[in-house]
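Here are a few exercises to work through with the model open in your viewer. Try each task yourself before you read the solution.

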Amino acid sequence: MTRQELILQIREKKSFLCVGLDTDVKKMPQHLLAEEYPIFAFNKAIIDATAPFCVSYKPNLAFYEAFGVKGMMAFEKTIQYLKENYPQHFIIADAKRGDIGNTSKMYARTFFEEYQVDALTVAPYMGEDSVTPFMEYKDKWVILLALTSNKGSFDFQLTQDQQGEQLFQKVIKRSQQWGNDENMMYVVGATRGKMFEDIRRIAPNHFLLVPGVGAQGGSLEEVCKYGMNKDCGLLVNSSRGIIYASAGEDFAEAAGKAAHGLQKEMETLLTTMCSL
């Protein structure tokens, strides 16, 4: 998917919502466990209920790999279902890959050729040659980890050099030599608030994937106030707050209502803060 196609979806749906498919069998309704592929059955119902209100889905690979072959088959079936039934939705594989060049080439082949997702999250720690293999695919996206919300982010991401520049700032600056705003985004946690201003000074036009709104306590309004640009420039992810809105047989209906509620908030914010 191209940048303009993504922007068009945001404009048409008045939404920049990404639904995270962090599907945990311990949290899904018990009646689904009788299905041959419980994870896929859950995902399918969630997708059908939320598709009108979001522009993107983000399955987290850890929740599929934990169940071996059957889990990965559920992941593959989820991707196939999206591509066949909701081809306009932007699909992000949240896998946080990144390794030496030859290994990265194989990771890129896995997700961009075999699964044919639109984007992949990548850890930039090993530098340029670990990231550029992912950028060799036309109309595919690399989403680099930049500034996350977890406690451990203070260990490295927020450390400063002698000039006062923080490591996450170095990552964003240097990585713009590898890609551009047509094939690269950044992960920035929703709880970072005013720090979005610092990121926008360095990367004014890039899309930001923003996890942490909802169950993790991030403020959607604050993210938009400091992080939105003229093209919106945001994909705001919500996982638990949507997909586990109910643990009962009405789980899909509850997820649809939660997604619709976020979409209406986003519509207001797009109208007041953005030219779309």
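**Exercise 1. Find how strand S3 pairs with strand S4, then place that pair in the whole sheet.**

Solution. Keep in mind that this is a predicted model.
- Start with the two strands: S3 covers residues 90-97 and S4 covers residues 119-122. They run parallel, and three bridges join them.
- For a landmark, pick Ile 92, which sits opposite Ala 119 of S4.
- Now zoom out. The sheet has eight strands that close into a barrel, with parallel pairing and the order S1-S2-S3-S4-S5-S6-S7-S8. From one strand to its neighbour, the average turn is 30°, ignoring direction.

**Exercise 2. Work out which strands helices H7 and H9 touch, and what covers the buried residues of H9.**

Solution. Take the helices one by one.
- H7 (residues 167-175) packs on the sheet and touches strands S5 (141-147) and S6 (184-188). Its direction makes about 155° with that of S5.
- H9 (residues 220-227) also packs on the sheet, where it touches S7 (208-210) and S8 (234-238). The angle between the directions of H9 and S8 is about 165°.
- Next, look at which residues of H9 are buried: Leu 220, Val 223, Cys 224, Tyr 226 and Gly 227. Their cover includes S7 and S8, along with helix H8 (195-202) and H11.

**Exercise 3. Is Lys 96 buried or partly exposed, and what about its salt-bridge partner, Asp 94?**

Solution. First check the contact, then the accessibility of each end.
- The side chains of Lys 96 and Asp 94 form a salt bridge, at 2.7 Å from N to O.
- Lys 96 has a relative accessible area of 43%, so call it partly exposed.
- Asp 94 has just 7%, and buried means under 20%. Asp 94 is therefore buried.

**Exercise 4. Trace the salt-bridge network that includes Lys 170, then look at a bridge inside H11.**

Solution. A search of the whole structure turns up 13 salt bridges, so there's plenty to pick from.- Begin with Lys 170 and Asp 161, whose closest N and O atoms are 2.7 Å apart in a salt bridge.
- Both ends are partly exposed: Lys 170 has a relative accessible area of 33%, and Asp 161 has 22%.
- Widen the view, and Asp 161, Glu 165, Lys 170 and Lys 173 turn out to be linked in a network of salt bridges.
- Over in helix H11, Lys 264 and Glu 267 lie three residues apart, about one turn of the helix. Their side chains meet in a salt bridge of 3.1 Å, N to O. Lys 264 is partly exposed, at 42% relative accessible area.

**Exercise 5. Which residues join Met 126 in a nonpolar surface patch, and where is Gly 248 found?**

Solution. Two loops to visit here.
- Met 126 is in the loop that runs between S4 and helix H6 (128-131). Its relative accessibility is 42%, so it counts as partly exposed.
- Together with Ile 100 and Tyr 125, Met 126 makes a nonpolar patch on the surface, with about 390 Å² of accessible area for the three residues together.
- Gly 248 is in the loop between helix H10 (240-243) and helix H11 (251-273). At 26% relative accessibility, Gly 248 counts as partly exposed.
- To finish, compare Gly 248 with Asp 22: 226 residues separate them along the chain, and their C-alpha atoms are 17 Å apart.

Methods
Residues are numbered from 1 along each chain as its sequence is written. This is a predicted model: local features need pLDDT of at least 70, side-chain atom pairs count only at pLDDT 80 or more; totals for chains, interfaces and linings use all residues. Side-chain values use heavy atoms; hydrogens and water are left out. Two strands pair if DSSP finds at least two bridges between them. Helices (H or I, at least four residues) and strands (E, at least two) are DSSP runs, numbered from the N terminus. Axes are lines fitted to C-alpha atoms, for helices over the stretch in contact, and angles run from 0 to 180 degrees between N-to-C directions. Contact means heavy atoms within 4.5 Å. Patches are made of residues with over 30% relative accessible area and no salt bridge: like charges are joined within 9 Å, nonpolar side chains (Val, Leu, Ile, Met, Phe, Trp, Tyr) within 5 Å. Accessible areas come from the Shrake-Rupley method with a 1.4 Å probe; for residues, only the protein chains shown count as cover. A salt bridge is a side-chain nitrogen of Lys or Arg within 4 Å of a carboxyl oxygen of Asp or Glu. Buried means under 20% relative accessible area, exposed over 50%, partly exposed in between (1.4 Å probe, protein chains only).
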